[in-house]
Amino acid sequence: MKILHNNKELNKALTGQTNINFVPTMGGLHQGHISLINKSQNKSGITVVSIFINPKQFNDKKDFKKYPRNIQKDLKILKKLRVNYLYLPKYSDVYYPKQNQIIKLNKNEKILCAKFRKGHFEGVLDVMDRLTEIIKPKKIFMGEKDFQQFYLVKKFIEKKFHTKVIDCKTIREKNYLAMSTRNQLLSKNQFDNAGKIALNLKKFKNTLKNKVNLQKLILDKCKILKKKFKIKIEYLELRNIFNLRLSKSIKNSKLFIAYKIGTVRLIDNF
Ligand code: AMP
């Protein structure tokens, strides 16, 4: 694996490469990231993984500060996977080649995490636009765990570039909690409870088949979870996977949740 520390090294290594598969990450790698890399390596072409903790997508400075970082462990994982290139840019590599740009979400996109993390997706789209311009990938691999991110990035990138954004299934812990770098911040008890919440919602989603008045059932479920696990739920909503509009049936729909357990914010979908 070759490490590309800046754009000069990247341009030297990638100029002339026409079939680049790209896996963007913020490090703190786990099996979820590894599944994206495996999927990328199963396609023809070379695999470029990036590790860049993008400050512009953190709406909360404290969250940026405490975001888990473990570059030595990440390097070990990537070397073992025989990834072709790791792009490890500095802030200036990502943000100086192109002037500041203003990215706006449509009004109907200001839902779910876009409503609760103001500026977050604008920051995500900005960095994905820049990384795509720098790396020029044919394919980008992203996780369904962050479904709204996948949805918005796919729409934005595929409109602007000749690049396909490919979704990858959510990888889960043994207790069914979706893997996430932020899980490192959970206590043992919080980790166990978050697993129970995930399992509970998976089962709940299945019970919604053939039921009517789903909104009321979801509202009740929200109250039960809040009380039982002492969590703060930002949203629990059933939405269509093709347009993210609120759904009245589970056909083509996912149940989306964001909640805080202690000070850690988790998201998932079922
Ligand atoms: P992150 O490092 O958290 O920004 O994530 C980098 C990529 O990995 C994103 O496309 C995420 O959606 C994806 N990802 C994170 N967790 C998982 C997971 N548990 N299963 C599958 N993909 C994931």
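Helices (H or I, at least four residues) and strands (E, at least two) are DSSP runs, numbered from the N terminus. The model is predicted, so local features need pLDDT of at least 70 and side-chain atom pairs count only at pLDDT 80 or more, while totals for chains, interfaces and linings use all residues. Residues are numbered from 1 along each chain as its sequence is written, and side-chain values use heavy atoms, with hydrogens and water left out.

**Exercise 1. Describe how the two domains meet.**

Step one is to place the domains, whose bounds come from an automatic or database domain assignment: the chain is divided into domain 1 (2–168) and domain 2 (181–269), and their C-alpha centres lie 26 Å apart.

Step two is to look at the contacts, where contact means heavy atoms within 4.5 Å. Here 20 residues of domain 1 are in contact with 18 residues of domain 2.

Step three concerns buried area, which is the accessible area (1.4 Å probe) that two parts lose on being put together, summed over both. Between domain 1 and domain 2 this area is about 1,900 Å², and carbon and sulfur atoms give 61% of it.

Step four turns to salt bridges, each being a side-chain nitrogen of Lys or Arg within 4 Å of a carboxyl oxygen of Asp or Glu. The count between domain 1 and domain 2 is 2. The side chains of K254 and E144 also meet in a salt bridge, at 3.7 Å from N to O.

**Exercise 2. Examine the largest nonpolar core and the part that helix α7 plays in it.**

Begin with the terms: a nonpolar core is a set of buried Ala, Val, Leu, Ile, Met, Phe, Trp, Tyr and Cys residues joined through side-chain atoms within 4.5 Å, and buried means under 20% relative accessible area, exposed over 50%, and partly exposed in between (1.4 Å probe, protein chains only).

The largest nonpolar core has 41 residues, of which L14, V48, Y87, M128, I135 and V153 touch the most other members. Helix α7 (residues 120–135) gives the most to this core, with 8 residues, and the core draws at least three residues from each of domain 1 (2–168) and domain 2 (181–269). Apart from this core lies another, of 25 residues, among them L186, A198, I261 and L266.

Next, consider α7 by itself. Of its 16 residues, 14 are buried, which leaves the helix mostly covered. From first C-alpha to last, α7 reaches 22 Å, close to the 22 Å expected at 1.5 Å a residue, where the expected span is 1.5 Å times one less than the number of residues.

Finally, take Y87 as one member to follow: leaving aside neighbours within four places in sequence, its contacts include V48, L131, I134 and I135.

**Exercise 3. Follow three salt bridges and say where their partners lie.**

The structure holds 18 salt bridges. In one of them the side chains of K90 and D93 meet at 3.6 Å, N to O; K90 is partly exposed at 48% relative accessibility, whereas D93 is buried at 9%.

In another, E133 and K98 meet, again with 3.6 Å from N to O. Because E133 lies in helix α7 and K98 in the loop between α5 (91–95) and α6 (112–116), the pair ties together parts that are 35 residues apart in sequence. E133 is partly exposed at 32%, and K98 is partly exposed at 22%.

For the third, K154 forms a salt bridge with E158, the closest N and O atoms being 2.9 Å apart. K154 and E158 are 4 residues apart in helix α8 (residues 147–160), so about one helical turn separates them. K154 is partly exposed at 24%, as E158 is at 27%. Salt bridges that share partners also join K98, D129, E133 and K160 into one network.

**Exercise 4. Find residues with a positive phi and describe their surroundings.**

Most residues other than glycine have a negative phi, and most peptide bonds are trans. N210, although not a glycine, has a positive phi of about 60°; N210 lies in the loop between α9 (188–207) and α10 (214–229) and is exposed at 82% relative accessibility.

N213, also not a glycine, has a positive phi of about 50°. N213 is found in the loop between α9 and α10, and its relative accessible area of 52% makes it exposed.

As a last step, look across to S249, which is 36 residues from N213 in sequence and 8.8 Å from it in space, C-alpha to C-alpha. S249 is found in the loop between β7 (232–240) and β8 (253–261), and is partly exposed at 37%.
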